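This report covers strand pairing, burial and salt bridges. Please have the structure open as you read.

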Amino acid sequence: MRTRPFTLLSAVVGLTLLLILALAPSAGAKATDLSDVARALKQSPVYVHPDAADQLSKAQADALADKITKADKPLFVAVLPASAQFPADGLLNNLRTQTGVTGLYAVRLGDRFAAASDRAVMPTQSVRNLVNSVRTPGADANTELNNFVDQALPQTRGSAPSTWSGVPDNGPRAPVAGLITIGALAAAAGATALTVSTRRRRRQEREDQEALTKLRTVVDEDITAYGEELDRLDFHPGAASADDAMRADYEHALDSYDQAKTLMDRARHPRDVRAVTEALEDGRFSLAVLAARREGRPLPERRAPCFFDPRHGPSATDVEWSPPGGQTREIPVCQADATRLAEGRDPMARTVDTPDGRRPYWEAGPAYGPWAGGYFGGGLLPGLLVGTMLGSMLHTPAYAADYGGAGFEGGDFSGADFDSSSFGGSDFGGGDFGGGGGFGGGDFGGGGF
């Protein structure tokens, strides 16, 4: 008698069933350590420990998880009791390690709140800014977590991990027999899912290259403008009036120019552009410091560049402004544009090519997100752009032009193979997350150990 070939599908199904039987806890089992929390977060974006259920109800947790799942972003939220079972020191880093998925992790520990992220998902400073903006002593968990998630989702890069079912689950696990059936069906659908994923990735690569082509034109203009500014600079390091501080500022400005050109030559993805405009912003600030030293003025504070055109250099003040038909917000502007606005005139806006001709960059679409993100930083940008075309796209899950990052994409499974120095944010006050990085300004509110 001839035996039936042992197909790949049979092997996948068999392995799936074995894993389910090995990993599925009994119905109603409650998490006892961080590994259980990590395992739950692989299945759903929100986990509430049974001993912290009074902080976030099941209905509230389900609504929060549904919001994250629909946004298709790798954002993980855990609500844990303040106990020796979950020591604050190193908690976020350990949770990231055990979950093994690149993402943004937020933890409500007792009445305290902290978050950290892989840089491929969100820059460290952006995480700190978000945490500080939502963290309020005495705030209830539902309000604090929803405020954080609402502000974080538009800035979070990457997609949700493929292990999420799309249905929040903070209650008892399904019976093992049901899990076996689900596992078998999932294995049978594996080949189709792989095909869809491959097509989606290829489409994304094409869109990324189209976006990079648009960005390259704009960034090359910025680099050229900065180079011309350096050429016009009447400063000679060997002059008698030059001191060491001036020479250091000048050298830094030149280095920023070289760095911007090198980074743009190496850019292969839209997110790579962020580092280029960061270098240009840094160089222009060095020029502003140099000018103040030469004129004997107080050194300028570090401020964001002019919103209307970052080529104007560091902003001098903040003014209220609204785009046509949009809401009013406070934006950083240079002195020349502040004067123009005060006189009722239009500012000197940075325009870019669009299908409808030259338009201000904030009306041009999502391709310019990485360009603006390098100048203004991920935590600041969405607030500046709210109500504009670019701002609207930043606030949708479909927004594809990320702000930066490298290595694993958000939602990818990295296991413990990640550089903990690139995983940061705010902490609980008991040390940093490891990997050689300190966390200034990341203290927590709402009590201490």
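A hairpin connects strand β7 to strand β8 through 2 residues. Strands and helices here are DSSP runs, numbered from the N terminus: E over at least two residues for a strand, H or I over at least four for a helix. β7 spans residues 351-354 and β8 spans residues 357-360; the two run antiparallel and are joined by 4 bridges. Strands count as paired if DSSP finds at least two bridges between them. Across this pair, Val 352 faces Arg 359 of β8.

The model is predicted: local features need pLDDT of at least 70, side-chain atom pairs count only at pLDDT 80 or more, and totals for chains, interfaces and linings use all residues. Residues are numbered from 1 along each chain as its sequence is written, and side-chain values use heavy atoms, with hydrogens and water left out.

A second antiparallel pair is formed by β5 (residues 317-321) and β6, over 5 bridges. Val 319 has Ile 331 in β6 as its bridge partner. Strand β6 (residues 329-333) is mostly covered, with 4 of its 5 residues buried. Buried means under 20% relative accessible area, exposed over 50%, and partly exposed in between (1.4 Å probe, protein chains only).

Helix α2 (residues 34-41) is largely enclosed by the rest of the structure, because 6 of its 8 residues are buried. These are Leu 34, Asp 36, Val 37, Ala 38, Ala 40 and Leu 41. The cover over them includes β1 (46-48), β2 (75-80) and α4 (91-99).

Now the charged pairs. A salt bridge is a side-chain nitrogen of Lys or Arg within 4 Å of a carboxyl oxygen of Asp or Glu. By this rule the count is 20. Three examples follow.

| Pair | Closest N to O distance |
|---|---|
| Asp 150 and Lys 67 | 2.8 Å |
| Arg 284 and Glu 229 | 3.3 Å |
| Glu 281 and Arg 302 | 3.0 Å |

Asp 150 sits in helix α6 (residues 141-152) and Lys 67 in helix α3 (residues 58-71), so their salt bridge ties together parts 83 residues apart in sequence. Asp 150 is partly exposed at 42% relative accessibility. Lys 67 is partly exposed at 27%.

Arg 284 belongs to helix α10 (residues 273-295) and Glu 229 to helix α8 (residues 190-232), so this pair ties together parts 55 residues apart in sequence. Arg 284 is buried at 4%, whereas Glu 229 is partly exposed at 26%.

Glu 281 is buried, at 14%. Arg 302 is partly exposed, at 44%. Salt bridges also link Glu 221, Asp 222 and Arg 350 in a network.

Notes:
Contact means heavy atoms within 4.5 Å.
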